[in-house]
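I opened this entry to look up the metal sites, one loop residue and one helix pair. My notes follow in the order I checked them.

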Amino acid sequence: MSFVWRKPNESVTLLNGSFQTRSSTLCPNTLLPQQMIGTVARVGNLVRPSLRILLIEDSVDDASLVVCELARGGYDVMCERVDRPAAVVAALDRQAWDIAIASYGMPAFAGAPAIDLLRQGDADLPFIFMSGTIGEDAAVAAMRMGAHDYIMKGNLTRLLPAVERELRDAGVRRERRRVEQRLAHLAYHDALTDLPNRALLHDRLDQAARVANREGTTLALLLLDLNGFKEINDTLGHHAGDRVLQFVAARLRATLREVDTVARLGGDEFAVVLPLADINGALLAAQKILDELAQPCVIDGQSLIVRASLGVACLPEHGASADTLLRKADVAMYVAKSDGVGIAVYAPTRDRHTHRRLTLISQFRKGLDESQFFLEYQPMLHLQKNMIIGVEALVRWNHPQQGRLLPAEFIDLAEQTGLINPLTTIVIETAIREWSQTGTEPRLTVAVNLSPRTLLDPILPLRIADMLAVYGAPPSSLALEITENILMSDPARSMDCLQRLHAMGIRLVLDDFGTGYSSLSYLRRLPVDELKIDRSFVAGLASGLDEVIVRSTIDLAHNLGLTVVAEGVENENAQTRLCEMGCDAAQGTFISPPAGASVVRDWLRRQTLLGLP
Ligand code: C2E
Ligand code: MG
Ligand code: MG
C-alpha cells in the first residue's frame with residue numbers, strides 16, 4: 001500500500017496506482033504521520049520514487065484525480081489537501097514538501113495569497129496552478145505571480161511532465177542557493193576554524209568602535225600570535241598545525257563571553273574584540289587566555305603546550321577607529337613577541353611603524369626607478385585539450401637588502417600609496433613585451449593581475465592600447481585578472497573602465513573566486529569572460545570538502561557562458577578530478593611553478609618536443 005489518508009470516517013487507499021473509495025463523503029485532509037516518512041516505496045519489485053504534494057484544493061474529487069494521475073505516472077504519492085491559509089502555514093511548518101499544486105479559482109482562497117504563503121515557507125518549492133476554466137489572461141497572471149506552470153483540470157496529460165520538470169528545476173535552484181549560502185558564509189568565516197575572518201572582524205570592530213565613540217564607553221582589541229607555530233608545522237606536519245589552530249580557536253571561544261568577537265586573521269594570528277573593556281579588563285582577559293592555552297593539548301597522541309604573544313590596544317586611549325586599533329594592537333603584539341613577555345599594551349615609544357613605512361615607500365620608489373621589479377610566469381594548461389594556452393604574470397621585487405620579495409609583502413603598500421599605478425604599467429608593459437614574440441602557435445595569452453585602485457585610473461585603457469600597438473600584440477593576447485572586491489571603492493568608474501577594456505577585446509578574468517564578498521549573481525554584472533576558482537577550494541578537493549563548491553561553480557559558470565580555470569593544482573589527483581568535473585583550464589605547481597620568461601619558454605619547448613602539453 002502506498003498511502004492512506006486520514007479523515008473523519010473514511011479512508012482512501014491507493015493500490016497499484018488506482019483509488020479505492022469506500023464512501024462518497026470522502027474527505028482526505030491529513031496523512032498519518034508514519035505514512036509521510038520514508039522516501040521510496042516498493043510495489044512488487046518496482047521501486048517508486050516518493051512525492052510529497054501539498055494540494056491547495058477545495059474539491060476532494062479533483063484532488064483524487066491529481067493523486068491518481070501522479071500515482072499512475074509511477075510516484076509513491078504522499079499528499080495533504082488543504083483549503084485554508086492557516087492550514088497551508090501549518091502544513092509548511094510540519095514538514096518539507098516536494099511540490100505544491102493549487103486550484104486557481106477557489107472562492108475562499110485566491111491564487112496570490114497562496115503563492116505568498118508558499119514563498120514565505122519555502123522559496124524554492126515548485127508551484128503549479130490548476131484550473132478548470134483558466135483563460136490565457138489568468139494563466140499569464142498566474143505565471144507573473146510566481147507560479148512555475150499551470151495545468152487545465154480537464155486535461156491532466158501535462159501534469160506528469162510538468163511535475164517532473166519542476167522537480168528537476170527545483171533541485172537546481174536549491175543546489176544553487178546552498179552553494180551561494182556556503183560562499184556567503186565563507187566570505188566572512190575562516191574555513192578551518194569557522195571563526196569570523198578578517199573582513200567580518202573589521203566590520204564588527206568598526207561597529208563596536210562607532211558605538212563606543214558615540215556613547216563614550218571603552219573597547220579593547222587583543223591580537224594574538226602563536227609562538228613557534230612554524231616549528232609545529234615543520235616538525236609535525238600541516239595536519240597537526242591545523243589541529244593546533246582549531247584547538248586555539250575552541251579555547252578562545254570557550255574562555256570569552258558571547259558578546260566578545262573571536263576571529264582568525266590568517267596563519268596563526270587571532271583577534272579578540274572586547275566591547276566595554278578598559279585596559280585593566282583587557283589585561284585580565286589576555287591573562288585568562290594565556291592560562292587557558294597553557295593547558296596541554298593532545299594532538300596525534302603528542303601532548304603540546306601552545307604559547308602565544310598578545311598585543312592590547314584600547315579605545316579611547318590608543319585610537320578611535322578600527323584601523324588604528326588594529327595597527328596599534330599589531331605593534332603591541334610584536335613588542336610582546338620580541339620581548340618575550342606574553343602580553344604587551346600599545347606604547348607610542350615602541351611604535352616604529354611610521355618610520356618603517358616611510359623607509360619602505362622611498363625604497364619602493366627607488367625600486368621602480370632602478371628596475372628592481374621583475375616578472376615570473378606560471379603556465380596555464382587547457383585540461384581538455386592538454387595544451388598550454390597562456391601564462392600568468394606574477395610580480396617580484398628584487399630588494400637590495402631583503403632579497404626576493406613576493407607580492408604579499410609589497411602590493412598592499414603600493415595600493416595604499418598610489419605607487420600601484422606605475423608598478424602596474426611596468427608589469428603590463430613587461431608582460432606584453434616578453435610574450436609578444438614567442439613564436440608559439442597559437443599565440444599564448446598573458447594574464448596580468450590588477451588591483452582595484454588601478455581601475456580608477458581613467459587613462460589605463462588608452463595606455464594599454466598604446467602598449468599593445470607598440471609590440472604589435474592583439475588585444476586578445478592580454479588577459480586582466482580582477483578580484484571580486486574590484487567594484488567596492490567607486491563602482492561606476494571601475495565598471496566604466498572594465499567595460500572599455502572588454503570592448504577593446506581584452507579578456508577579463510575574475511580571480512580568487514569564492515573568497516570575496518559577492519554571490520554568483522554579482523557575476524552577471526561584471527563583463528568577465530573567465531572565472532578562476534581560488535586555490536583554497538582546489539586544495540580542499542583532496543579531502544572531498546570543497547568538491548560540491550568546485551563542481552557547482554564550474555557548472556554555474558558554464559551556464560553563464562564563462563570559461564573556468566582552477567588555480568593551485570598541487571597534485572595529479574586534483575588535476576584529474578578537475579578535468580573530470582569539466583573544468584576548462586588549470587595552473588599550479590603540479591603543472592609548473594612560476595619562473596622567469598626564458599625558463600618558461602625552454603620548458604614549453606621541451607614539452608612540445610616530448611609531445612606533452
Ligand atoms: P593570484 O593572482 O591568485 O596568483 C596565484 C598565486 O598562487 C601566486 O602567488 C602563485 O605563485 C601561487 N601559486 C601558483 N601555483 C600554486 C600552487 O600550486 N599552490 C599554491 N598554494 N600556490 C600556488 P604569488 O606570486 O605570491 O602572488 C600572490 C598574489 O599577488 C596573486 O594572487 C595576485 O593577487 C597578486 N599579484 C601578483 N602579481 C601582481 C601584480 O603584478 N599586480 C597586482 N596588483 N597583484 C599581483
Ligand atoms: Mg591571479
Ligand atoms: Mg588567484
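Before reading any spacing, I fixed what counts as a donor: an N, O or S atom within 2.8 Å of the metal, with water not among the atoms, so sites may look incomplete. I also noted that this is a predicted model.

**Entry 1: magnesium ion (ligand 3)**

I looked up the spacing of its donors along the chain and found D-D-x54-E. Which atoms coordinate the magnesium ion (ligand 3)? I listed D511 (OD), D512 (OD), E567 (OE) and E567 (OE), at 1.9 to 2.4 Å. I then placed two of these residues. D511 lies in strand β23 (residues 507–513), and E567 sits in the loop between β25 (563–566) and α20 (572–580), so the pair ties together parts that are 56 residues apart in sequence. Are D511 and E567 buried or exposed? I found both D511 and E567 buried.

**Entry 2: magnesium ion (ligand 2)**

I turned to the magnesium ion (ligand 2). Its protein donors are E392 (OE), N449 (OD1), E481 (OE) and D511 (OD), lying 2.0 to 2.3 Å from the ion. Along the chain I read their spacing as E-x56-N-x31-E-x29-D. E481 belongs to strand β22 (residues 478–482) and D511 to strand β23, so this pair ties together parts that are 30 residues apart in sequence. I noted E481 as buried, like D511.

Which residue bridges the magnesium ion (ligand 2) and the magnesium ion (ligand 3)? I found D511 in that role, with the ions 4.0 Å apart.

**Entry 3: E317**

Next I checked a loop residue. E317 is in the loop between β16 (307–315) and α11 (322–339). I took the cut-offs for partly exposed as 20% and 50% relative accessible area. E317 has 46% relative accessibility, so I logged E317 as partly exposed. I also looked up its spacing to L219, which is 98 residues away along the chain. The C-alpha atoms of E317 and L219 are separated by 9.6 Å.

**Entry 4: helices α2 and α6**

Last, I looked at a helix pair. The axes of α2 (residues 60–72) and α6 (residues 159–188) come within 9 Å and cross at roughly 75°. I therefore recorded α2 and α6 as roughly perpendicular to each other. Which residues meet where α2 contacts α6? From α2 I noted V66, E69 and L70; from α6, L159, L160 and V163. I sorted the residues of this contact into five nonpolar, no polar and one charged.

How values were computed:
Residues numbered from 1 in each chain as written. Chains lettered and ligands numbered in written order. Predicted model: local features only at pLDDT ≥ 70, side-chain atom pairs only at ≥ 80, totals over all residues. Heavy atoms only, no water. Donors = N, O, S within 2.8 Å, 3.2 Å for Na, K, Ca; no water. Helix = DSSP H or I, 4+ residues; strand = E, 2+ residues; numbered from the N terminus. Buried < 20%, exposed > 50% of the residue type's maximum accessible area, 1.4 Å probe, protein only. Axes fitted to C-alpha atoms, helices over the stretch in contact; angles between N-to-C directions. Parallel < 35°, antiparallel > 145°, perpendicular 65-115°, else oblique. Contact = heavy atoms within 4.5 Å. Nonpolar A, V, L, I, M, F, W, Y, C, P; charged D, E, K, R; others polar.
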